[in-house]
Amino acid sequence: MTDAPLLSIKGASKRFGAIAALEDVSLEVGAGEFFALLGPSGCGKTTLMRLVAGFETLDAGRIEIGGADMSGAPPHRRPVNLMFQSYALFPHLSVFENIAFGLRRQGKGRAEIAARVAELLQIVRLEGVETRRPDLLSGGQRQRVALARALAPGPRLLLLDEPLGALDRQLREETQFQIKEIQRRLKTSFVVVTHDQDEALVMADRIAVMRAGRIEQIGAPTEVYERPATRFVAGFIGQMNFLEGHIENGAFVGPFGRLPVEGGGLSQGAKAVLAVRPERIAIAPATQENAGLDGVVEDVAFRGETTHFRLRLSGGGTLRVSRGANSGAPFCVGDAARISIAPEAGRIFASE
Ligand SMILES: Nc1ncnc2c1ncn2[C@@H]1O[C@H](COP(=O)(O)OP(=O)(O)OP(=O)(O)O)[C@@H](O)[C@H]1O
């Protein structure tokens, strides 16, 4: 981000009685950026969003939007709008009236409202359903009405709280792409709150991974997936194997032998884990030439583009391995296999 951020949060903390919902959280969201707050239930995502919207006040820290300090600014004075799950639509109002709702409250005239609603219907590709009531729409259409309604007043920042929670899996995937495309066209900043890592990976330009009121890592989807900063992030995003070992003379000593350790921070003799993705592990028939760990295939799951294997290692423990369809020798349950990794395939973290 080279331009000044649209949203800047510095050292935000918030307690509810004995519970520290947020502790010293800082992040920036750029103009036109799609940002995701991702983390397990109770990590503080909703609290952070409510602070940005002005429904809660900070105990400490500062929130700026467009360079202006938001302390003391009520929700309606912030260039922010919220979108919840689709059931937040007014059931007794037509699609048109649902979208026009915020505009009427702003005191806009009839012609201006009609033009703006028509523009929004076109943006969310819902032309022709303006007279219908929400209950006569599909789940995906209702979602897009909710999006149009939230966008109608022209917020600079749209906050979306678990926006796809009410949709089934296939519709979720489709709607993820639609929301992303709409955001890209409008260049409004979006902050989506989700506990669903797929949703964050697919939609966001950058993701903040949260845990227990703190941010563990902020980065692009590929960054948090390929280079998780903490063991928590490594385990929370995607599938991961954790193999135990220890640190010896600057190397991780574990089931795969000695692997170099990047960076410092791990002391001699410390217990550590090697985190390695299933797709970064090679599986081959055991022959005299190839080196690696021996195991037995316990389970094979065919998933179209990829095949997933669960192996029981001869030295103890299980390992998940995946690979592209039709690549390499086939394996069946009960087959012996040899497993290897490239030295840079995994990341090493201190044991928790
Ligand atoms: N108004 C409140 N009063 C008391 N405790 C609260 C309040 N709001 C949130 N909390 C607590 O603060 C912590 C963070 O809650 P928050 O709702 O922000 O998490 P979340 O990550 O959004 O979770 P979820 O995904 O379940 O919505 C939780 O422990 C929650 O119980």
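Visitor: What makes this a two-part story, with a domain 1 and a domain 2?

Guide: The domain assignment, which is automatic or from a database, gives domain 1 as 7-235 and domain 2 as 240-350. Residues are numbered from 1 along each chain as its sequence is written. The model is predicted, so local features need pLDDT of at least 70 and side-chain atom pairs count only at pLDDT 80 or more, while totals for chains, interfaces and linings use all residues.

Visitor: What pLDDT does the protein average?

Guide: pLDDT is the predictor's confidence in each residue, from 0 to 100. The protein averages 91, and 98% of the residues score at least 70. The model also has ipTM 0.95 and pTM 0.90.

Visitor: How many residues does each domain put into the contact?

Guide: The domain centres, over C-alpha atoms, are 38 Å apart. Five residues from domain 1 and five from domain 2 make the contact, where a contact means C-beta atoms, placed from the backbone, within 7 Å.

Visitor: What makes a residue part of the shell around the ligand?

Guide: Its C-beta atom, placed from the backbone, has to lie within 6 Å of the molecule. Phe16, Lys45, Thr46 and His195 are among those that do. Helices here are DSSP runs of H or I with at least four residues, strands are E runs of at least two, and both are numbered from the N terminus. α1 gives the most, with three residues.

Visitor: How do you know which residues of α2 are buried?

Guide: Buried takes 20 or more other C-beta atoms within 10 Å of the residue's own, with C-beta atoms placed from the backbone; 12 or fewer is exposed, and in between is partly exposed. In α2 (95-105), Val95, Asn98, Ile99, Ala100 and Leu103 count as buried, and therefore each has at least that 20. These buried residues pack against α3 (110-123) and α4 (139-151).

Visitor: Why are β3 and β9 called paired?

Guide: Pairing needs at least two DSSP bridges. β3 (34-38) and β9 are joined by four and run parallel, so they qualify. Alanine 36 stands opposite isoleucine 207 there.

Visitor: And what joins β9 to β10?

Guide: Five bridges, with the strands antiparallel; alanine 208 faces isoleucine 218 across them. The two strands form a hairpin with two residues between them, and alanine 212 in the turn has a positive phi of about 45 degrees. As for β9 (206-211) itself, five of its six residues are buried.

Conventions: Two residues are in contact if their C-beta atoms, placed from the backbone, lie within 7 Å.
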